Amino acid sequence: MFNKDNTKFKKSESRIYLASPTMHGEELEYVTEAFTTNWMSTVGKNIDEVERLTAEKVGRKYSVGLSCGTSALHLAMKIVGVKPGEKVFCSDMTFDATVNPVVYEGGVPVFIDTEYDTWNMDPVALEKAFEIYPEVRIVVTAHLYGTPGKVDELKAVCKKHNALLVEDAAESFGATYRGAQTGTFGDVSIISFNGNKIITGSAGGALLTDDEEVANKVRKWSTQSRESAPWYQHEELGYNYRMSNVIAGVIRGQIPHLEEHIARKKEIYERYEKGFKGLPIKMNPIDLKNSEPNYWLSCAIIDPEAMCKQVRGETDVLYAPEKGKSCPTEILDTLMSYNMEGRPIWKPMHMQPIYRMNGFVTREGNGRAKTNAYIAGGVKGKDGRPLDVGMDIFARGLCLPSDIKMTDEQQDTIIDVVRSCFE
Ligand SMILES: Cc1ncc(COP(=O)(O)O)c(C=O)c1O
């Protein structure tokens, strides 16, 4: 039950974050090098090294350093040639940066529902979507919270329908699927170095490809599409999307710590999993047979029968506390009262006001007609499970504090706080 005077447990003096940057020291050396050599620019050794190291780590021929993951996705949309009015199949339960770049190019996202096994795009729903929209030729898929999706199945559906795959590995740098790194599976792929990611430059992103022509094009577009001429000569639209050499210095210093960050994130996930034994909640699912996530965020999902009533409007929420039950809102509020930051699951795109008129396809086909009720589990599929999987996970799930600087003692208190919500 919500402990309003938050005295039951020790309140954390400093905020325990969901996922905040963790610096080590080398970052400053590379930034200082950029400073002292005056390479305070979008050219320089740090960028070259970030490109080399990321391409090598992921296992792709080329990596182009860009200002952020979103700009990388925008240029990915240009590479696959999204046209005005063209429908593009997109992951539904993801951050909106996966999807917005489709719209920058005039495309129209059609959202594909999520599966319960990895919380990523459902290949069954994707196949259904091609039955409804056979003309579609581009698919954009993300690996949520650092857990690889059902890559082989998704790729097989894309291949069958001659569709190109854009892979958003913004959250999953360092995660592998069947032995290969995420970031290798798309016709073009991207990663992000945003401040909350597994390693960060404060900002930054990269586009990954095996095609030299694509890499050259993206590099050119990202620097205002300058032609090779003695003056500023432009034949096509350009962007100011290149990575800064200062930010690249931070990323360069972080890259050697990627595996160490993943190991610590994994430890956090496993401690939560152990700590929640006996509670009516489960951790976000991981397909360990096929993949090794980077464990970027630890999440939990409450069993349906242990959910107290929770009603969400567009921007606010109410819940009714109930003995033995809880809901994400109660847990998040209670954690916050102890200075511990969690977050709701990323609200699915088909539920967002901006995309409410866009198509949405579930494993049973066109999902729009049936899923306007904002109640998880309200509409069941033929298999008896909620038809709208994203809506269900959003209603029952939450992201837990996953910061690698959190101490074991602090994490134990978080576990105790969560446990107290079910008392
Ligand atoms: C799934 C996903 N895609 C894209 C992005 C965009 O990356 P950036 O913030 O670097 O623009 C993010 C994170 O921010 C993300 O989580």
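This briefing walks through the ligand site, the aromatic pairs and a few buried spots of the structure above. The model is predicted, so please read every value below as computed from it. The ligand is surrounded by 15 residues, and the protein buries 93% of the area that the ligand exposes when taken alone. Elsewhere, the structure holds eleven aromatic pairs, and helix α5 has buried residues that several strands and a helix help to cover.

**Ligand site**

- Of the 15 residues around the ligand, the closest are G69, T70, D168, E171 and K197.
- By class, the shell holds five nonpolar, seven polar and three charged residues.
- Helix α3, spanning residues 69-80, is the main contributor to this shell, giving three residues.
- D168 places a side-chain N or O atom 2.6 Å from a nitrogen atom of the ligand.
- E171 approaches an oxygen atom of the ligand, with 2.5 Å between that atom and an N or O atom of the E171 side chain.
- N194 also meets a ligand oxygen atom, through a polar side-chain atom at 2.9 Å.
- Taken alone, the ligand exposes 380 Å², and the protein buries 93% of that.

**Aromatic pairs**

- A pair of aromatic rings is described by the distance of the centres and the angle of the planes.
- Among the eleven aromatic pairs in the structure, Y239 and Y241 are stacked, at 5.1 Å centre to centre and 25° between the planes.
- Y239 has a relative accessibility of 13% and therefore counts as buried; Y241, at 18%, is buried too.
- The rings of Y272 and F276 have centres 5.5 Å apart and planes at 20°, so this pair is stacked as well.
- Y272 is buried with a relative accessible area of 0%, while F276 is buried at 3%.
- F89, F130 and Y133 are joined into a cluster by ring pairs.

**Helix α5 and its surroundings**

- Helix α5 covers residues 123-132, and its buried residues are P123, A125, L126, E127, A129 and F130.
- F130 thus appears twice in this briefing, as a buried residue of α5 and as a member of the ring cluster with F89 and Y133.
- The cover over the buried residues of α5 includes the strands β2 (87-91), β3 (108-112), β4 (138-142) and β16 (360-362), along with helix α6 (151-160).
- At the N-terminal end of α5, D122 acts as a cap: one of its side-chain oxygens lies 2.9 Å from the backbone nitrogen of V124.

**P293, a buried loop residue**

- P293 sits in the loop between β11 (291-292) and β12 (299-302).
- Is P293 buried or exposed? With a relative accessible area of 1%, P293 is buried, because buried means under 20%.
- Leaving aside residues up to four places away in sequence, P293 touches G146, T147, P148, A175, I262, I286 and L288.
- One of these contacts, A175, is 118 residues from P293 in sequence, yet their C-alpha atoms are 4.5 Å apart in space.

**T329, a buried helix residue**

- T329 belongs to helix α10, which runs over residues 328-337.
- Its relative accessibility is 7%, so T329 counts as buried.
- Which residues does T329 touch, not counting those up to four places away in sequence? They are Q310, R312, V317 and Y319.

Key
Residues numbered from 1 in each chain as written. Predicted model: local features only at pLDDT ≥ 70, side-chain atom pairs only at ≥ 80, totals over all residues. Heavy atoms only, no water. Near = heavy atom within 4 Å. Polar contact = N/O pair within 3.5 Å; in protein donor to acceptor, adjacent residues only side chain to side chain. Areas by Shrake-Rupley, 256 points an atom, 1.4 Å probe, with all protein chains shown as cover. Helix = DSSP H or I, 4+ residues; strand = E, 2+ residues; numbered from the N terminus. Nonpolar A, V, L, I, M, F, W, Y, C, P; charged D, E, K, R; others polar. Buried < 20%, exposed > 50% of the residue type's maximum accessible area, 1.4 Å probe, protein only. Contact = heavy atoms within 4.5 Å. Phe/Tyr/Trp six-rings, centres within 6.5 Å; stacked < 30°, edge-to-face > 60°.
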